[in-house]
Protein chains: 2
Amino acid sequence: MTEPNQLSSSPTIGVFDSGFGGLTVLRALLARLPQARFAFLGDTARLPYGSKSRRTIARYASESAQFLVSQQSAQYMVIACNTASALALDAIESAVPVPVLGVIEPGAAAARSASQTGDVLVIATDATVQSHAYAAACQARGLRAIEKACPLLVPLVEEGWTDHPVTAQVIRIYLDELLQVAAAQGMNPDTLVLGCTHYPLLRPLIEKAVPAGMQVIDSADAAADAAVHLFNLPLAGFAEEMGTAASKPELRCFATDSVDKFERLGGRFLGRPVGPVQLVDLGG
Amino acid sequence: MTEPNQLSSSPTIGVFDSGFGGLTVLRALLARLPQARFAFLGDTARLPYGSKSRRTIARYASESAQFLVSQQSAQYMVIACNTASALALDAIESAVPVPVLGVIEPGAAAARSASQTGDVLVIATDATVQSHAYAAACQARGLRAIEKACPLLVPLVEEGWTDHPVTAQVIRIYLDELLQVAAAQGMNPDTLVLGCTHYPLLRPLIEKAVPAGMQVIDSADAAADAAVHLFNLPLAGFAEEMGTAASKPELRCFATDSVDKFERLGGRFLGRPVGPVQLVDLGG
């Protein structure tokens, strides 16, 4: 007879992204679940998903989720990647036998709570926008949404220009274009959803650029809130059962490539050093 | 007994890039070899190579070259990708039994011809710069070179902002930083090498931004010139042997993903429509 499974008292939450932008989601999860175990995988060998096809993204994301479940014993899965959430949530749910949460639905739900006018703007990567997943999720909640791809924002964040005049100018250009489209359609948007895990690092610049009174919704925060509720985690029980009341969250980070870059830049997203990152080969 | 091999009278030149930026090299080749056959592969499912490790780039590039040689009968191979040329030329040469030409050596040779002072600037992707392949190739020719990664330029080109004030500003910032480093080292650079196949589309803005008298070297042009000489192609004989004196170059384009994007944006780089692009699966 094998040892009784101890995992029920300390579930591992798998968090997956195509890169390390999803560390903003992990940061939000850590703030809410300080005593949980986390295994984060960045599929950095195959990023960015944002410019790839649905078929390719579904395959990459499923393989990544399978790694976290079968090799890291994740019992819950958070897809901390808007593109994969938009294009591959069904595929991932079919690929792994654990509950899966994406970032799109929580983002749309938070927009529903925030918006008075019912008109919402969404900025995201090309692939997320082309999927119209946010528009669909908003529409299902009685919101009208206009989405805009902002492909320069991720490279600007990765260049470290998160407080740079060029970035402020690019944000203004994108937002002006988006507001013009909204006005032309007779909309009165009062809420902007940040539909990419890199964008929280631009939140200060974005909040300066939006019209007065417009709410900015961070889908990373929204997803972390939703994870706590959906997975119904026994938060209070963790510490006592593990006998480690003062313990820090257990965090293991994996990447399919560029471990150095992950370790070097990841801290900007996580808000603290990511520690050593293990290289894994998913065979693609 | 099988049919005699006809390929000797009409060699196929394989041209490979991680994306479709290498179409600027193909464009330069087409201008010089108007009656040759070309097979171009963009490994778009796995781009960008610029942020990946040497190991991963070598594997991806070798698989891509093998496709062009074994499945498209390429007898010559041009690596129209600075990152792959910098990090994987040896691996590609080991992987395929045909002559292989990268873009780094021709770019450095053109800089040697152009420079009076012997001091050269190189702008490129992160991975190309980190490899220091241009610096080494320049040094072997008695040049001093300083390299700078300009990771925002590719996304700016792909956003279509090739004549945009933001792009002009980003170019000025990058060049100013580079010129300051050169000055601090007591150098007197008179030549700038565009070490990325996307950059020829920014040539007008770059030429406005460089100091008066600085030569701008396009590694795409340099590589096409080198290919004609290195491969010693029987240019004059093509038309007669094929009985198609007035024929256009034969061009087949392949991509591992995002065929639509390739067809839509590729024309900007090739200078004419790319035509239908075939999707291929390299299994990764």
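The exercises below, each with a worked solution, concern a predicted model with chains A and B.

Residues are numbered from 1 along each chain as its sequence is written, and chains are lettered from A, as ligands are numbered from 1, in the order in which they are written. Because the model is predicted, local features need pLDDT of at least 70 and side-chain atom pairs count only at pLDDT 80 or more, while totals for chains, interfaces and linings use all residues.

**Exercise 1. Work out which rotation superposes chain B on chain A.**

Step 1. Superpose the copies by least squares on the C-alpha atoms of residues with pLDDT of at least 70 in both.
Step 2. Read off the result, which is a rotation of 180° with 0.0 Å of shift along its axis, at an RMSD of 0.0 Å; that is the relation of a two-fold axis.

**Exercise 2. Describe the contact between chain B and chain A.**

Step 1. Count as in contact two residues whose C-beta atoms, placed from the backbone, lie within 7 Å; the contact then takes 19 residues from chain B and 19 residues from chain A.
Step 2. Find the elements of chain B that give two or more residues to this side, namely α7 (153-158) and α8 (165-184), where helices (H or I, at least four residues) and strands (E, at least two) are DSSP runs, numbered from the N terminus.
Step 3. Sort the residues of this side of chain B into 7 nonpolar, 6 polar and 6 charged, with Ala, Val, Leu, Ile, Met, Phe, Trp, Tyr, Cys and Pro as nonpolar, Asp, Glu, Lys and Arg as charged, and the others, Gly among them, as polar.
Step 4. Since 100% of the interface residues of chain B are also interface residues in chain A, the copies meet through the same surface.

**Exercise 3. Examine how domain 1 of chain A touches domain 2 of chain A.**

Step 1. Take the bounds, which come from an automatic or database domain assignment: domain 1 of chain A covers 7-102 + 222-279, and domain 2 covers 104-219.
Step 2. Count the contact, in which 25 residues of domain 1 of chain A meet 24 residues of domain 2 of chain A.
Step 3. Look for the largest share of the domain 1 side, which is 5 residues and comes from α3(A).

**Exercise 4. Locate H132(A) and decide whether this residue is buried or exposed.**

Step 1. Find H132(A) in the loop between α5 (126-131) and α6 (133-139) of chain A, with a positive phi near 55°.
Step 2. Apply the rule that a residue is buried if 20 or more other C-beta atoms, placed from the backbone, lie within 10 Å of its own, exposed if 12 or fewer, and partly exposed in between; H132(A), with 15 C-beta neighbours inside 10 Å, therefore counts as partly exposed.
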